[in-house]
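Me: I am new to this structure and would like a close look at a single part of it. Please take it slowly and explain the terms along the way.

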Amino acid sequence: MRLLHTSDWHLGRMLYGRKRYEEQAAFLDWLIDTIREKQVDALIVAGDIFDTGTPGNRAQELYYGFLSRLPATTCRHTIIIAGNHDSPTFLDAPGDLLKAMHIHVIGTASSNPADECVLLADHDGQPEALVCAVPYLRDRDVRRASAGETIADKNRKLIEGIRAHYAAVCDLAAKQRESVGDIPIIATGHLFVTGGRTTDGDGVRELYVGTLAHVDREIFPSVIDYLALGHLHVPQNLSGSDHQRYSGSPIPM
């Protein structure tokens, strides 16, 4: 099974007031060609598909036009998660329709781990991978506010909430794997992992108000065979790990 990991398209983003639709369209054309050339079986888009929660018509046209071309390629599965720039409800809206094309979109974080655990099967219906499709976790998704708490308290609860969320989804995936055979577990994330590299002026936003909220790589359960990360625009792996990677943004920000 061949997997292609990408993220941070930021469709609709401008550069010093100049629209970049031609560049973005050229990237999506290249991506379709690459999927065909490399005979990609599964595509993962790890967040920030759009640059804003209310994308314009041209940005939406690029996105849906790209998805409509996928069935004509070798790509049998597509997993798309929301990033901090995306509107979860906007991405989720056509979810049932896209699922009929084997395109799974997870915009909103769920309290039910099963909603973020996607089993991928081959043409014969045999399981070939499990995906823990965790989207960008907003503060309200993982933390409850308490009267009188300090910034340090908020940050600690946020990190604990993110850790607990990944633990729940990955635990379910591990249990499912026991019943379907030894298949890989792939996880997604849209967050800032401690030690990640950025470039001055590359457009990476701080994720949470009042805190940098960088998470340590140890927050991710050991059952994950490949971790597909988004948010940082510089392509990189985590501390020399080949299986924990940021794909980076395809177009300089």
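Why is strand 8 (residues 127–132) largely enclosed by the rest of the structure?

Reply: A word on the model comes before the strand itself. This is a predicted model, in which local features need pLDDT of at least 70 and side-chain atom pairs count only at pLDDT 80 or more, while totals for chains, interfaces and linings use all residues. Residues are numbered from 1 along each chain as its sequence is written, and side-chain values use heavy atoms, with hydrogens and water left out.

Strand 8 is largely enclosed because five of its six residues are buried, where buried means under 20% relative accessible area with a 1.4 Å probe, counting protein chains only. The strands named here are DSSP runs of E with at least two residues, numbered from the N terminus, and two of them pair if DSSP finds at least two bridges between them.

One partner of strand 8 is strand 7 (residues 117–121), and these two pair in the antiparallel sense over five bridges; within this pairing, cysteine 132 of strand 8 is the bridge partner of cysteine 117. Strand 7 and strand 8 form a hairpin with five residues between the strands, and in this hairpin glycine 125 takes a positive phi near 85 degrees.

Strand 8 is also joined to strand 9 (residues 185–190), by three bridges, and here the strands run parallel. In this pairing, leucine 130 has isoleucine 185 of strand 9 as its bridge partner. Strand 8 thus pairs with strand 7 in the antiparallel sense and runs parallel to strand 9.

Definitions and conventions: Buried means under 20% relative accessible area, exposed over 50%, partly exposed in between (1.4 Å probe, protein chains only). Helices (H or I, at least four residues) and strands (E, at least two) are DSSP runs, numbered from the N terminus.
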